[in-house]
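Let's take a walk through this model together, with the structure open in your viewer. We will go from one ligand to the other and look at what surrounds each.

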Amino acid sequence: MLSGPSGAGKNTVLNATMQLRDDLVYSVSATTRPRRPHEVDGVDYFFLSPETFQAKAREGEFLEWAEFCGYNYGTPRSFVTENLKKGYVVVMDVDIQGAKQIKRRMPDAVFTFLLPPTITELESRLRGRHTETDDAINRRMSAAYEELRVGIDYDYAVVNDQVDTAAQQLSSIITAEQCRVTRTDYFVLMQEILGKEGQQQ
Ligand code: ADP
Ligand code: 5GP
């Protein structure tokens, strides 16, 4: 689970991290926000009308959903559950409200907060992206101050100064989490190890 202020570089760093490994799948969210020119429906988001979004929310099709800066965003439930069953690491980009809901529903999930190196750099990335109006940028900057405070409740914090370094760090977090004793089938491992020893003797 990756959160962080808008413009911190979540999409950029996630894309770079996915290039580093082949065990990750990205959960494409649904949103009522208008599509940006470079965005592709079904790849970046599922772009839905407010009515369709609400209907899906009512039918329980989202693992979590929230309102951010005037639009709705939600994580389709079935994609996440199916891919977790297949053994993939499912990466999600959700805001701080969505992360809270996931924490309640999936206590095993790992929460990483992506930080910009400075607030000035955050604003210049948001402006440099040329995807939002001045008004929308101001709303996102106001949200950023609250989001930065909430980062303290996350498991990990990564500063996105250089994309490559941030992606390496995110990948290391995933690797470390995969090696947690509670995530490995430790008794199966032990049997395999003792079995091998037995064969050698
Ligand atoms: P988010 O998904 O968090 O809203 P984006 O990934 O869209 O952020 O990044 C916001 C802007 O900042 C984009 O124009 C992106 O190219 C740029 N960016 C991302 N990471 C860096 C970085 N480490 N250094 C400089 N620019 C960056
Ligand atoms: P953007 O409009 O810049 O793509 O995203 C705005 C915010 O929505 C970001 O903070 C991002 O993390 C969040 N977001 C994206 N997808 C989801 C989602 O499925 N659920 C929730 N709760 N937030 C999301």
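What follows describes the surroundings of the two ligands in turn.

Please keep in mind that this is a predicted model. Start by centring your view on ligand 1, which sits in the largest pocket. Around ligand 1 you will find 14 residues, and the closest are Gly7, Lys10, Thr12, Arg129 and Asp161.

Two of these closest residues also reach ligand 1 through polar side-chain atoms. For Thr12, such an atom lies 2.6 Å from an oxygen atom of ligand 1. For Arg129, the corresponding distance to an oxygen atom of the ligand is 2.8 Å. Turn next to Asn160, where a polar side-chain atom lies 2.9 Å from a nitrogen atom of ligand 1. How much of the accessible area of ligand 1 does the protein cover? The protein covers 75% of the 570 Å² that ligand 1 has on its own.

Now trace where this shell comes from along the chain. Helix H1 (10-20) and helix H5 (119-129) are the elements that give two or more residues to the shell around ligand 1. The largest share, three residues, comes from H1. If you colour the shell of ligand 1 by class, you will see three nonpolar, seven polar and four charged residues.

Let's move on to ligand 2. The space that ligand 2 takes is the largest pocket. Here 17 residues surround the ligand, and Arg33, Tyr45, Tyr73, Asp93 and Arg140 come nearest.

Which atoms of ligand 2 do the side chains of Tyr45 and Tyr73 approach? In both cases the partner is an oxygen atom of ligand 2. An N or O atom in the side chain of Tyr45 is 2.5 Å from such an oxygen, and a polar side-chain atom of Tyr73 lies 2.6 Å from one. Arg36 takes part as well, with a side-chain N or O atom 2.9 Å from an oxygen atom of ligand 2. Of the 510 Å² of accessible area that ligand 2 has on its own, the protein covers 97%.

The elements to look for here are strands. Strand S5 (62-68) and strand S6 (71-76) are the elements that give two or more residues to the shell around ligand 2. By class, this shell holds five nonpolar, five polar and seven charged residues.

Notes: Residues numbered from 1 in each chain as written. Chains lettered and ligands numbered in written order. Predicted model: local features only at pLDDT ≥ 70, side-chain atom pairs only at ≥ 80, totals over all residues. Heavy atoms only, no water. Near = heavy atom within 4 Å. Polar contact = N/O pair within 3.5 Å; in protein donor to acceptor, adjacent residues only side chain to side chain. Areas by Shrake-Rupley, 256 points an atom, 1.4 Å probe, with all protein chains shown as cover. 1 Å grid on protein atoms, 1.4 Å probe; cavity = no way out; pocket = protein on both sides within 12 Å on 5 of 7 lines; lining within 4 Å. Sits in = over half its atoms within 2 Å of the grid points. Helix = DSSP H or I, 4+ residues; strand = E, 2+ residues; numbered from the N terminus. Nonpolar A, V, L, I, M, F, W, Y, C, P; charged D, E, K, R; others polar.
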